[in-house]
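Have a look around this one before we start talking. A visitor has some questions, and a guide will work through them.

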Amino acid sequence: MSKAICPYCSEKFNSKDILFRCINPNSGECPFEEDKEYSKYWRFTRNKPMNKIIEPELSWHERVPESAICTHCHTKSTKKVCPFCHNELPHTAGHVKEYTISIIGAKEAGKSHYVAVLINALKQYIGQKLDAALVALNDETINRYQEEFYNPLYIKKEKIRGTISAAADLKAPLIYRFSIKKKNIFKVNDHNVITLVFFDTAGEDLEKTEIMRREVKYISNSSGIIFLLDPLQIPAVREKLPVDTILPNVQTSPDDIITRVINLIKEDHKNKKEPIKIPVALTFSKIDALHSILQSGSSLRQVSPHDSLFDIDDCEIVSSEIQAYLQEWVGPNISNTMEHNFKNFSYFALSALGGTPNLEGKLTDGVSPFRIEDPFLWLLWKNKLIEGRRAKK
Amino acid sequence: MAILQHYYTSCTNKGFQTNAVSEGLDDETTRLLIRIGLYIPPVSMPSQPTKDELKLFPVSFTYSILYDTKFVITNSVYKGQDYSGRYGNYFSHSLITDAFDSAIQNFLPIRLWGSDIWATEETQSNELPSLENLDYGSLINWENIMNFLISESRLESLPYMLTAVIEGLKINKRTIIVDSNTNIALWIGAITSLLPRSLAKRVTFTTYNKNPYSTDVLICGTTADSDFHFLDREVNHEYFVFDFERNLFSEIKDINPFAAIIYGQLKENNLQKLSAFSKFYDEVAYRIPQCKNEIYSMFALFSAADGIFISEDDWQKVIHFMITYDVAVHYPNIAVMCITALGNIRSSEKELVFCVIDLYKKTSNQGINNSIKSKMETILTNSLFLNYSLIATVDDLEIVLEKIKGISLEQVEKELKIKCFDVFLKFKDPAKKSQYFRLLASTKLVIPSLEKLEELLYQGIMPEITEPSTQKLFLETLNTNFRVPFINSFGKYLSSEVLTKNNLSSFPTLSNLAINNLVYSNLVSFTIRESNWSLYCALYSEYVKSKEEKVESFLEFYDNLKKFNLKNETSQELEKAFRATWNAQLPTYDECILITKRIRIEDISKCLFIDSFAEIILHNIHFVDLSSESIEFSEQFMNSQRISEDHQTILKFITKTPTLSGNKEDLEILYQTANKRPFKDRIFYKDIIRLFYRKLLVENKSLQVHENYVEKMIKLSPNEANIHYSSYEESFFYAISEASNVKVSEKVRIFADCFKVWYPLHFQNQVKPNSVPDFLYDKYAKSFYSQKKEIRLNTEKIVCSDSNLEEKWIFFKRETEKGILITINKTVKSIKNRLKLSD
């Protein structure tokens with residue numbers, strides 16, 4: 001029995017339980033019905049009248065329903081919806097495994113900028129390197145990425161607006177179909193096809209466990225977490241940086257957020273003793289601003305060496321270097337917390353924009369991302385979606 | 001509950017969160033307020049606006065209802081950068097209460113647009129006071145709204161937008177307005193101020209939301225570059241869209257009639273009635289909350305109660321409303337006003353009449369006071385009987401008949417009833433007239449005890465009584481209390497129209513109806529009461545044709561005849577009735593006997609048919625066994641002048657017969673009479689001869705007389721002799737075996753006498769075998785070999801009791817047995833011959 005995960009409510013369900021929504025636009029022919037589940041998910045103050053929900057008739061040999069006939073108007077619908085929240089599922093639901101990547105971190109850590117640049121890079125040079133393709137699975141994803149991420153950054157060359165808390169603005173996730181060419185021993189073209197779901201979290205939503213329980217439940221069901229950590233918010237770093245560096249406000253301490261995330265996941269997984277299996281990439285953002293304080297031979301000054309295979313050596317070198325910096329700047333606490341609570345974790349550093357926007361929030365030099373693929377590729381490798389390589393010794 | 005406040009913005013160094021809040025606001029409600037207050041700026045606006053540019057951003061002024069009980073107004077404005085310099089910050093100020101009316105009477109939410117109460121800056125204190133008073137803003141007032149509406153032909157769009165909102169409230173279909181932010185506020189101002197306050201209170205709205213899908217307010221203002229897709233299905237089906245920037249509008253085919261009224265009154269600049277209606281609506285909707293979406297019906301109700309002319313369609317709505325929402329219970333005074341107004345309309349509209357019927361049923365079930373009830377009865381009578389029925393088809397009236405079951409209009413005033421009767425009389429279509437009568441009867445507008453009823457039926461129903469539909473009605477009434485009046489009218493009609501005008505051609509077509517079991521007896525009573533003998537006779541002649549039991553009918557006729565006091569004509573009428581009853585046939589003997597027993601002799605003796613009766617009775621008389629009835633009949637009839645001479649003679653002889661004994665003289669009388677007219681040539685001859693021989697053998701004991709008559713017998717012509725032999729034989733057999741009143745010794749004597757008389761004749765060959773009645777052999781054999789043991793023994797006993805006869809008897813017996821053997825041998829031979837078998 002194939003399982004699927006709703007990209008909206010993160011509930012797991014059997015593919016055969018997928019429901020459908022009638023697509024007859026004429027409410028005169030097929031009267032709308034108040035959809036309690038949908039309205040509850042979107043927190044409407046009253047139930048929204050919508051097209052009817054239809055249960056498909058599944059033959060014994062069918063694993064995933066592909067369409068259903070409306071019992072009222074007999075219209076055939078291929079619009080799949082989640083059996084829990086009634087949100088529209090990607091048409092690939094039931095056939096392709098969903099991988100949810102949660103981007104978390106304190107306010108102003110650069111989460112939205114990272115999402116914006118990563119998705120653009122996946123469509124372009126990372127995609128090329130991996131022989132992979134990223135395609136949006138719905139209009140909402142296309143529009144939202146275009147409007148909230150791409151346009152400000154690449155067209156207007158401005159900082160992206162602060163992400164509003166899900167408490168005020170519950171956003172739909174960005175849902176993509178990601179296909180990566182597999183290399184097998186027969187050299188036959190084959191693809192790993194997955195559904196990639198990106199959740200860009202508002203920093204405010206990670207400030208209280210109570211808010212997290214309500215607004216960022218998806219973290220527990222993620223296939224990978226990229227935890228962005230703004231080094232410019234670390235007092236020790238701020239002291240070392242040149243005086244003219246534009247510094248952000250100091251926000252919530254990263255170890256507080258890590259602790260809350262650990263608690264949330266352990267609460268959901270109901271396993272408080274075992275280390276968490278979700279791979280976590282603890283990543284320094286805005287690394288470009290640290291050039292002046294990094295050692296001259298630092299691997300963090302070198303470009304990312306990953307191609308269609310994940311460079312494990314590089315990953316380990318970078319990880320241990322960052323771990324050392326962490327020790328130096330914030331003490332052993334974060335490292336210890338990671339060691340004790342996560343089975344798979346690694347340290348990364350990247351710069352989404354490649355430079356600091358000016359005081360007006362303008363990106364005068366445009367966007368020049370640096371090592372942004374590292375944590376993402378590491379997550380793919382950890383999920384066995386790409387191969388890794390080591391230098392021959 | 002006072003008015004509580006809530007601020008939400010990206011707070012300094014903290015990011016988006018509640019900035020300040022009044023005490024008493026719970027977490028769940030706070031979360032809802034945060035969602036309502038969300039502000040996403042339009043895409044087309046500057047992404048990094050200056051302070052001046054910020055003023056151009058639309059204000060999201062939202063009115064929502066939470067849990068149907070809490071009312072929220074939120075003013076969200078875009079702030080641009082937050083403390084950290086990031087863009088996307090906004091400030092949302094919400095007010096929440098369970099009644100804004102406590103702050104401002106007849107509160108209209110949109111009027112807080114632009115009010116000074118709205119905060120737009122973060123506050124240092126985390127606590128906000130609750131509010132008691134509010135001040136409206138200056139933009140949304142009636143003057144500005146009117147100026148707004150009359151410019152750029154906006155007034156023309158208003159009825160459509162009102163329709164969208166009124167209908168949207170009913171079916172939960174939302175309205176999307178794309179216009180400038182201020183215009184949207186003015187549109188909302190126009191709509192909500194024109195609707196009754198309690199209805200306007202339910203119209204939730206927002207002046208701006210970037211993503212109309214994310215909100216559930218009824219009216220959602222937005223911008224052309226919003227997240228709304230404006231798909232065909234959305235514009236045509238899912239939403240009411242009013243995009244004034246691109247002139248894209250959902251098609252609204254039918255303007256809501258109340259919207260049309262508002263539009264009309266706005267054009268006339270006369271809003272007084274609307275304002276009065278608003279109060280009325282608010283009051284009714286408060287008392288009967290379920291009716292809140294029926295604004296037009298309520299307007300029609302308001303108008304009707306006010307005595308204003310409304311169309312028949314509107315009357316239907318009013319009545320439907322009154323029925324559905326029990327107006328007569330909740331607002332008896334309004335119900336009275338409406339019903340009074342309803343009484344003034346003269347409608348033939350089927351639907352309206354049906355509504356009136358429903359309303360009557362509903363109101364009469366609600367124990368309303370008598371004055372309303374009486375008015376309703378008048379209205380129903382008027383609309384149904386004086387208007388609708390005139391144009392309705394028979395089938396329509398059939399439906400009405402079903403619908404009005406159980407309704408009584410008996411109490412309506414007499415004048416109205418008379419009008420109904422006039423209508424009834426004027427109908428030309430018999431089927432419709434019948435149906436109308438059914439309606440009248442069903443509603444008790446006519447009742448069986450109605451004085452005028454017979455007259456009404458005589459004039460209205462009877463002229464068409466030959467019509468199948470009218471006859472059907474007639475038959476229907478026979479099992480009801482209407483039977484007697486119907487039959488009386490029918491009788492009157494038959495006597496006056498059918499018989500006196502010699503219009504007899506129609507009589508046979510009515511005969512079936514007249515002789516119906518349920519009709520006939522009442523009709524007969526009518527003829528007797530009216531002394532209408534000719535009608536009675538006409539009815540009788542038809543009635544009797546269908547009857548099997550003719551005697552009963554005839555006797556009934558005789559009984560009724562006596563009630564008519566016809567004096568000397570009795571026999572004549574009986575004669576006619578007899579002919580009508582039996583036509584060309586004759587009654588049977590039993591029928592004759594029954595009739596003669598019941599009808600007085602003086603009545604029947606003058607009738608010609610009495611001779612036929614005599615003939616029939618005589619035909620069935622047996623002299624040997626005369627019944628007392630026969631004798632009685634003979635005694636009664638023998639002197640009738642209408643009886644023929646022959647019959648008289650026979651009847652007289654019958655009366656004499658019981659006195660005749662077996663002596664020689666009486667025997668001779670019998671013998672002679674049998675040979676005389678009118679007995680000789682008739683069946684009586686044989687019958688009298690049989691009587692004669694019976695008396696000769698049983699009663700007369702003289703052997704000489706016996707021998708004399710036997711000698712006479714032997715000499716008779718063969719034809720006559722046959723009758724005599726068979727009569728003698730029958731009498732002998734009767735005497736020695738069947739006669740129960742003859743002693744055994746007498747039987748022996750009779751047998752011996754016969755033996756004495758016949759034995760010599762036999763041996764003298766005067767009686768030849770096979771050519772003479774050698775009945776002694778035959779009778780002996782019959783007795784001897786009789787299956788009945790008793791007869792066998794009796795015979796043996798009789799013969800052996802006389803020793804003188806014994807010798808002759810033994811010889812006789814032997815001869816007889818020989819004769820029988822010969823007969824048997826002959827029979828066996830003939831059988832063998834037939835079967836061609838050899839011995």
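**A walk through the model**

Visitor: Where in chain A does A:Thr100 sit?
Guide: Keep in mind that this is a predicted model. Look along chain A for residues 97-105, which form a strand. A:Thr100 belongs to that strand, β10.

Visitor: Is A:Thr100 buried or exposed?
Guide: Its neighbours from elsewhere in the sequence include A:Val197, A:Phe199 and A:Asn221. The relative accessible area of A:Thr100 is 7%. Buried means under 20%, so A:Thr100 counts as buried.

Visitor: Over in chain B, how do α3(B) and α5(B) lie relative to each other?
Guide: Helix α3 covers residues 142-150 and helix α5 covers residues 181-194, and their axes come within 10 Å. The axes cross at roughly 110 degrees. Angles of 65 to 115 degrees get one label, so α3(B) and α5(B) are roughly perpendicular.

Visitor: How many charged residues are in the contact of α3(B) with α5(B)?
Guide: On the α3(B) side you'll find B:Trp142 and B:Phe148, among others, and α5(B) brings residues including B:Leu186 and B:Trp187. Sorted by class, the contact has eight nonpolar and four polar residues, while the number of charged ones is zero: there are no charged residues.

Visitor: Which helix gives the most to the largest nonpolar core?
Guide: That core has 230 residues, and B:Leu195 and B:Phe490 have the most contacts inside it. B:Phe490, for one, touches B:Met462, B:Phe474 and B:Leu510, among others. As for helices, the top giver spans residues 683-699 of chain B and supplies 10 residues to the core: helix α33.

Note on methods. Residues numbered from 1 in each chain as written. Chains lettered and ligands numbered in written order. Predicted model: local features only at pLDDT ≥ 70, side-chain atom pairs only at ≥ 80, totals over all residues. Heavy atoms only, no water. Core = buried A, V, L, I, M, F, W, Y, C linked by side-chain atoms within 4.5 Å. Buried < 20%, exposed > 50% of the residue type's maximum accessible area, 1.4 Å probe, protein only. Helix = DSSP H or I, 4+ residues; strand = E, 2+ residues; numbered from the N terminus. Contact = heavy atoms within 4.5 Å. Axes fitted to C-alpha atoms, helices over the stretch in contact; angles between N-to-C directions. Parallel < 35°, antiparallel > 145°, perpendicular 65-115°, else oblique. Nonpolar A, V, L, I, M, F, W, Y, C, P; charged D, E, K, R; others polar. Lists of a residue's contacts leave out its neighbours within four places in sequence.
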